[in-house]
Amino acid sequence: MSAKSIKKTNSSEPSALGKIYLIAYNAIQTLGWSYMLLQSVTYFLDRGTLDNYWKEVKWTIIIFQTAALLEVLHAAIRLVPSSVIVVLMQVYSRVFLVFGVLLTTNGATVSPGLPLCVLAWSITEIIRYAYYALNLLNTVPQMLLFFRYSTFLVMYPIGITGELLCMYHSLGEISEKQLFTISMPNKWNFIFNYYYFLVFYMLLYIPLFPVLFGHMQKQRRKMLGDGSKKSA
């Protein structure tokens, strides 16, 4: 399916083919994140520990979190009216955590931040993708609309805390093993220290979190401010 064939036919509605694609994409993501939440709840109810939790959810997270990269493409080709920059900021932090931290260190996988991430991510995404799918069908229940623009008030801080904890618990291993670190001298005459990069990256959450949180607050006022349902 080419990008051209599913582009919007006007500024507010995707083409018929684009609409079918988006409904399918959002429905699959809803099911995927629902399965991830079920995996986690079942695992801990069975007295599972942090030591093996990552093994339980690893591939589900990789598959459905990586699939979210498609949303950057959706915004870039104007299949959806979202800002490419905002979508990229939202998706990048999670994808980076998965591939740059969880898949490269053991410390992050046994961090108490991991279940916090999965809890916040899965609840947020179940609601978000279900909302998007039903909105395309013009059948969004008022309760789902409320949850879509309200749960972030709790889930964003939980998710951010979880991400920072995972990165924090990876720092010792990254420093000890000098992961992804390039030292002088070398033929490129270039130096890179992943440990300091990750510390700097964690500090970026301080100015960037208010931007994303503020964006969602504006969306909440827009969608819920007058108590009526509006199209996304």
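**Exercise 1.** In this predicted model, decide whether Tyr149 is buried or exposed.

*Solution.* The relative accessibility of Tyr149 is 3%. Buried means under 20%, so Tyr149 counts as buried.

**Exercise 2.** Classify the aromatic pair formed by Phe96 and Tyr201, and state which helices hold the two residues.

*Solution.* Step 1: a pair of aromatic rings is described by the distance of the centres and the angle of the planes. By the pairing rule, the count comes to 23 aromatic pairs. Step 2: for Phe96 and Tyr201 the centres are 4.5 Å apart and the planes make 50°. Planes under 30 degrees apart count as stacked and over 60 as edge-to-face, with the rest tilted; this pair is tilted. Step 3: Phe96 belongs to helix H4 and Tyr201 to helix H9 (residues 194–203), so the pair ties together parts that are 105 residues apart in sequence. Step 4: both Phe96 and Tyr201 are buried.

**Exercise 3.** Do the same for Tyr131 and Tyr149, and locate both residues.

*Solution.* Step 1: the distance is 5.8 Å centre to centre and the angle between the planes is 85°, which makes the pair edge-to-face. Step 2: Tyr131 lies in helix H5 (residues 113–136), while Tyr149 is in the loop between helix H6 (142–148) and H7, so the pair links parts 18 residues apart in sequence. Step 3: Tyr131 has 0% relative accessibility and therefore counts as buried.

**Exercise 4.** Describe how the axes of helices H4 and H7 are arranged, and what kinds of residues make the contact.

*Solution.* Step 1: the axes of H4 (residues 84–102) and H7 (residues 152–168) come within 10 Å and cross at roughly 30°. Step 2: angles under 35 degrees count as roughly parallel, and H4 and H7 are therefore roughly parallel to each other. Step 3: their crossing is left-handed. Step 4: H4 contributes Gln90, Ser93, Arg94, Phe96, Leu97, Val101 and Leu102, and H7 contributes Tyr156, Glu163, Cys166 and Met167. Step 5: these residues divide into seven nonpolar, two polar and two charged.

**Exercise 5.** For Asn26 and Glu173, give the helix, the burial and the contacts beyond four places in sequence.

*Solution.* Step 1: Asn26 is in helix H1 (residues 16–45), and at 5% relative accessibility Asn26 counts as buried. Asn26 touches Tyr129, Tyr132, Ala133 and Leu136, sequence neighbours up to four places away being left out. Step 2: Glu173 is in helix H8 (residues 171–177) and, at 14% relative accessibility, also counts as buried. With neighbours within four places set aside, the contacts of Glu173 are Thr104, Thr105, Asn106, Gly107 and Gln178. Step 3: C-alpha to C-alpha, Glu173 and Ala108 are 9.2 Å apart in space, and 65 residues apart in sequence.

Terms used. Residues are numbered from 1 along each chain as its sequence is written. This is a predicted model: local features need pLDDT of at least 70, side-chain atom pairs count only at pLDDT 80 or more; totals for chains, interfaces and linings use all residues. Side-chain values use heavy atoms; hydrogens and water are left out. Axes are lines fitted to C-alpha atoms, for helices over the stretch in contact, and angles run from 0 to 180 degrees between N-to-C directions. Angles under 35 degrees count as roughly parallel, over 145 as roughly antiparallel, 65 to 115 as roughly perpendicular and the rest as oblique. A crossing is left-handed if the near helix is turned anticlockwise from the far one by less than a right angle, and right-handed if clockwise. Contact means heavy atoms within 4.5 Å. Ala, Val, Leu, Ile, Met, Phe, Trp, Tyr, Cys and Pro count as nonpolar, Asp, Glu, Lys and Arg as charged, and the others, Gly among them, as polar. Buried means under 20% relative accessible area, exposed over 50%, partly exposed in between (1.4 Å probe, protein chains only). Rings of Phe, Tyr and Trp (its six-membered ring) pair if their centres lie within 6.5 Å; planes under 30 degrees apart count as stacked, over 60 as edge-to-face and the rest as tilted.
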